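User: Here is a model I would like to go through. Please explain the terms as you use them.

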Amino acid sequence: MPVGRIIYKYLGPMTFYEFLEALGEKIVLEQIKNIKTSHNQQLHEKATELLKLFYYIGGMFEAVKVYIKTKDFLKVK
């Protein structure tokens with residue numbers, strides 16, 4: 001019989017910002033956070049590619065961890 005309190009916590013998928021941080025894309029993350037009104041084509045293209053990757057892999061922690069280790073989409077699946 002368990003003793004003590006049970007606290008349930010909800011753990012959702014990663015956000016895009018957390019995903020960028022996990023991949024080590026801190027420069028892109030900071031540029032996105034600090035963007036004002038100017039349009040940077042290189043940032044746009046890089047962020048678009050990373051967003052596609054995020055959509056494909058998803059935000060589940062284990063899937064991101066496997067991708068970071070192996071860069072193999074079959075193993076991520």
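User: Why are α1 and α2 called roughly antiparallel or roughly parallel, whichever applies?

Analyst: This is a predicted model, where local features need pLDDT of at least 70, side-chain atom pairs count only at pLDDT 80 or more, and totals for chains, interfaces and linings use all residues. Residues are numbered from 1 along each chain as its sequence is written, and side-chain values use heavy atoms, without hydrogens and water. The axes of α1 and α2 cross at roughly 150 degrees. Angles over 145 degrees count as roughly antiparallel. Therefore α1 and α2 are roughly antiparallel to each other.

User: What makes α1 and α2 meet, and which residues are involved?

Analyst: Contact means heavy atoms within 4.5 Å. F16, Y17, L20 and E21 in α1 meet K26, L29, I32 and K33 in α2.

User: How do you know which residues of α3 are buried?

Analyst: Buried means under 20% relative accessible area, exposed over 50%, and partly exposed in between (1.4 Å probe, protein chains only). L43, A47, L50, L53, F54 and I57 of α3 are buried. They cover an arc of only 115 degrees around the axis, which puts them on the same side of α3. The arc is that of the directions from the helix axis to the C-beta atoms. On the other side of α3, Y55 and Y56 are exposed.

User: What covers the buried residues of α3?

Analyst: The cover includes α1, α2, α4 and α5.

User: Which residue caps the N-terminal end of α3?

Analyst: N40 does, with a side-chain oxygen 3.1 Å from the backbone nitrogen of Q42.

Technical notes:
Helix = DSSP H or I, 4+ residues; strand = E, 2+ residues; numbered from the N terminus. Polar contact = N/O pair within 3.5 Å; in protein donor to acceptor, adjacent residues only side chain to side chain. Axes fitted to C-alpha atoms, helices over the stretch in contact; angles between N-to-C directions. Parallel < 35°, antiparallel > 145°, perpendicular 65-115°, else oblique.
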